[in-house]
Amino acid sequence: RLVGRYLVEDFLDENGEPIIDENNDYSFFIADVDQDGVGADTLLTRLRANHPSAQLCHRLDAATGGIVLAAADDAVLAQALEAFRAHRVQKTYHALVRGGPSEEAGIIHAPIARKPLPSLLREINPEGKPSVTEYRVVSRTGSVSVLALKPVTGRTHQLRLHCCHMGFPILGDPQYGSEESQNFSQTLGLSHQMLCAKRLELEHPITGEKLILESRMDVELYR
């Protein structure tokens, strides 16, 4: 949908159902087509069907659902990229985790570094870059909780790493979940990480008024 000169997409089809690929996987490519042709049907190609000048303002990790912001033209893209660089865009994610924090809200401080090559994963490492995540408990049900997560810093895989480090790994996460959480995820039939980009807060590109954009998707939607 068009908001100002921003295009907002939340990975749901016209019936309100999560977009899935031919393998019934909720992963949805938002990158350009690579040399092997992977991602020929992407969010960007779908946007450009109606908005030929559309450009993505940011991206999500593979298997993370939720809201994505694109610009309808180059001028708005420049504004959006500057807003992201200056940390004027506030992002909130929802995560379904195994267990949960003892406090209802708090801040996670845990530095993140890249693992030695050839691994593409990250790890908590005292020599890593400072990494900060704010969290709030949305709900608790039995042995699982829904958390609202705000990445103060934007490290690769930050939310997944921080949750696992604190002892409440995100369910369905194949890389950073604990053995117990991964086994529990299998019993629930989860084939993807339960992490959703739920909310964006930013300025309107023309009027400057505050925009609050929320995805219709949530972690319960694609359980």
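For the linings described here, Ala, Val, Leu, Ile, Met, Phe, Trp, Tyr, Cys and Pro count as nonpolar. Asp, Glu, Lys and Arg count as charged, and the others, Gly among them, as polar. The model is predicted.

By this class rule, the lining of the second largest cavity divides into five nonpolar, two polar and three charged residues. The space in this cavity is about 30 Å³. Two cavities of 30 Å³ or more were counted. The second largest cavity is lined by His58, Leu60, Ile67, Lys91, Thr92, Tyr93, Ala197, Lys198, Arg199 and Leu200. Two elements, E6 and strand E12 (195-203), give two or more residues each to this lining. The largest share comes from E12, with four residues.

The largest pocket holds about 790 Å³ of space. Its lining consists of 29 residues. Nearest the centre of the pocket lie Lys91, Tyr93, Pro151, Thr153 and Gly154. Lys91 and Tyr93 also appear in the lining of the second largest cavity. Four elements each supply at least two residues to the pocket lining: H2, strand E6 (90-98), strand E11 (144-151) and helix H3 (158-165). E6 provides the largest share, four residues. By class, the pocket lining has 11 nonpolar, 10 polar and eight charged residues.

Helix H2 covers residues 74-85. At 1.5 Å a residue, its 12 residues should span 16 Å. The C-alpha atoms at its ends are 16 Å apart, which agrees with that expectation. Five residues of H2 are buried: Val76, Leu77, Ala80, Ala83 and Phe84. Viewed down the axis of H2, these buried residues fall within an arc of 125 degrees, so they line one face of the helix. An α-helix has 3.6 residues a turn, so residues three or four places apart point the same way. On the other side of H2, Asp74, Ala75 and Arg85 are exposed.

Both ends of H2 show further features. At the N-terminal end, Asp73 acts as a cap. A side-chain oxygen of Asp73 lies 3.2 Å from the backbone nitrogen of Ala75. After H2 comes His87, with a positive phi near 60 degrees.

Val89 sits in the loop between H2 and E6. How far is the C-alpha atom of Val89 from that of Leu200? The separation is 6.8 Å, although the two residues are 111 residues apart along the chain. Val89 has a relative accessibility of 10%. Buried means under 20%, so Val89 counts as buried. Leu200 is one of the residues that line the second largest cavity.

Strand E11 contains Ser145. Is Ser145 buried or exposed? Its relative accessible area is 2%, so Ser145 is buried. The side chain of Ser145 reaches the backbone oxygen of Gly99 at 2.6 Å. E11 is also one of the elements that supply the lining of the largest pocket.

Helix H1 spans residues 43-50, and its buried residues are Leu43, Leu44 and Leu47. Seen down the axis of H1, these residues fall within an arc of 95 degrees, so they line one face of the helix.

Notes: Residues are numbered from 1 along each chain as its sequence is written. This is a predicted model: local features need pLDDT of at least 70, side-chain atom pairs count only at pLDDT 80 or more; totals for chains, interfaces and linings use all residues. Side-chain values use heavy atoms; hydrogens and water are left out. The expected span of a helix is 1.5 Å times one less than its number of residues. Buried means under 20% relative accessible area, exposed over 50%, partly exposed in between (1.4 Å probe, protein chains only). The arc is that of the directions from the helix axis to the C-beta atoms. A polar contact is a pair of N or O atoms within 3.5 Å; within protein, one must be able to donate a hydrogen and the other to accept it, and residues adjacent in sequence count only if both atoms are side-chain atoms. On a 1 Å grid over the protein atoms alone, a cavity is a set of points where a 1.4 Å probe fits but cannot get out, and a pocket is an open set with protein on both sides within 12 Å along at least five of seven lines; lining residues have an atom within 4 Å of a point. Grid points are joined across faces, edges and corners, and a volume is the space filled by probe spheres set on the points.
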